[in-house]
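Please go through how the two domains of this model meet. I want to know what stands behind each term.

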Amino acid sequence: MFALSGVPDPVRTERGLARLRDFGVNVLAPRPLTPQRYLAGDDHERLASLVDVLTRDDCDACMAVRGGFGSTRLLDNMDWERLRRNRKPIIGYSDLCGLHLAAFQHGCSGHIHGPMLCSEFGRDLSTPEQSQALSLVWSSLLDCLNGQGELLPAWATNGVEVLKPGRACGQLLPTNLSLLNSLLGTAHFPSRVENPILVLEDIGEAAYRIDRYLTQLRSAGFLRRLRGLLFGQFSQAEDSEYIPELLREVAAEIAGPVACGLPFGHVFPSISLPVGAEVMLTLSAAGGIELRRAGAGERSRA
């Protein structure tokens, strides 16, 4: 466990550690940090938290404690050569997307847009449905870690709306919209991606701000490079009734397949997706959706 962003809640931390142990994981607790403002620690401490788990011989995977803010503060001082040598999966989402995207740009691999200690495993599960949701989160993460070819379990295709059918091959970029935009104009924006298939989500953003972010990506020339686009959830959005129309407008501009409503992002349960993986996306006019790693056996759900 590592703390790159916000201050972790101690109750959620202990609850999350216990739940992961119940799943059979040998968990190494995050190193203690001294909170600074809204950050888990100062920049040096938080960066050291990541380096610590990367260099431990008894650590097989690295999971972020929580999101918030802070990852982008560290990118200019990141040892990218060390990260390129790393073979351990680095798991997280939300603010961790800043690290995922920059790592991809700097030639690193093994990053997973997936659950975090406090956010998913440490949440209060007061109903059987919530316990089942956590099992789905865990199962999706395991599939991702194990290199499962099909990236969308059956439950994740329910409620997905195909805006533009088609088929596309490319590199998968699952990310947070505002974090992606925050990297525009920096050395850490994922400009090296070839044939990007983008998966977007966000939380607490008003419809007009989502429009602004997408307009900026359009003006930067990034949207026209896309081979495919999947919209996840835009949770807790102000003026959310305008978002479907906005997504349809963007879909009309994309050359490849587009869908919305994926259970991806700040929702529970949410699927895990590998950053930078070569994938095939297939969307049928009848509403079928398939997302699989390139080279994996085809299995249609249409």
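**The domain interface**

This is a predicted model, with residues numbered from 1 along each chain as its sequence is written. Local features need pLDDT of at least 70, side-chain atom pairs count only at pLDDT 80 or more, totals for chains, interfaces and linings use all residues, and side-chain values use heavy atoms, with hydrogens and water left out.

Q: How do you know that no salt bridges cross the interface of domain 1 and domain 2?
A: A salt bridge needs a side-chain nitrogen of Lys or Arg within 4 Å of a carboxyl oxygen of Asp or Glu. Across this interface the rule finds zero.

Q: What makes 10-124 and 161-293 domains?
A: The bounds come from an automatic or database domain assignment. That assignment gives domain 1 (10-124) and domain 2 (161-293).

Q: What makes residues of domain 1 and domain 2 count as in contact?
A: Their heavy atoms lie within 4.5 Å. By that rule, 23 residues of domain 1 touch 27 residues of domain 2.

Q: Why is the area between domain 1 and domain 2 called buried?
A: Because buried area is the accessible area (1.4 Å probe) that two parts lose on being put together, summed over both. Here the value is about 2,000 Å², and carbon and sulfur atoms give 66% of that. In domain 1, Leu101, Phe104 and His113 lose the most area to domain 2, together 39% of what that side buries.
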